[in-house]
Amino acid sequence: MSYRLTFVAGAVLGYVLGTKAGRERYEQLKRSAQQFAQNPAVRNTAESAAQQGREFADKAYHAVSDKVGDRMPDSVAQRVHALRERTAHGPAEDDWGTSNT
């Protein structure tokens, strides 16, 4: 999904930079993007997708760690432990400004 957003953002940026419509068209696109991002349905869908992604990643982590076991290098194990500690200290905001609840 992030690749798709990056592509769309790049396409919009290319259009804005390449268009002869100028500042007025840029402001119109900017307003449209802000309205889209502030739409409750879009925000709810994004938050739902983020939550499902976190749940899937957690399940995948447990499945992999059960199979890998002691074969994981210490440097990787320490990094994973550090990341889990960092996220265990309460909800942080994701890229959409929503909480990780």
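This report describes the fold, the surface and two residues of a predicted model.

**Overall architecture**

The protein chain contains four helices and zero strands, and reading along the sequence gives the pattern α-α-α-α. Of its 101 residues, 6% count as buried, and the chain exposes about 8600 Å², of which carbon and sulfur atoms supply 57%. Among contacts in the protein chain with a separation of 6 or more, 50% come from residues that lie 24 or more positions apart.

**Two residues in their helices**

The table sets out the helix and the relative accessible area of Phe7 and Arg84.

| Residue | Helix | Relative accessible area |
|---|---|---|
| Phe7 | helix 1 (residues 2-18) | 63%, exposed |
| Arg84 | helix 4 (residues 74-87) | 38%, partly exposed |

Phe7, which is found in helix 1, counts as exposed because its relative accessibility of 63% is over the 50% cut-off. Together with Val8 and Val12, Phe7 forms a nonpolar patch on the surface, and the accessible area of these residues together is about 290 Å².

Arg84 belongs to helix 4, which spans residues 74-87. With a relative accessible area of 38%, Arg84 is classed as partly exposed, because this value falls between the 20% limit for buried residues and the 50% limit for exposed ones. When its neighbours within four places in sequence are left aside, Arg84 is in contact with Asp58, Tyr61 and His62.

Methods: Residues numbered from 1 in each chain as written. Predicted model: local features only at pLDDT ≥ 70, side-chain atom pairs only at ≥ 80, totals over all residues. Heavy atoms only, no water. Helix = DSSP H or I, 4+ residues; strand = E, 2+ residues; numbered from the N terminus. Buried < 20%, exposed > 50% of the residue type's maximum accessible area, 1.4 Å probe, protein only. Contact = heavy atoms within 4.5 Å. Areas by Shrake-Rupley, 256 points an atom, 1.4 Å probe, with all protein chains shown as cover. Patch = residues over 30% accessible without salt bridge, like charges linked within 9 Å, V, L, I, M, F, W, Y side chains within 5 Å. Salt bridge = Lys/Arg side-chain N within 4 Å of Asp/Glu carboxyl O.
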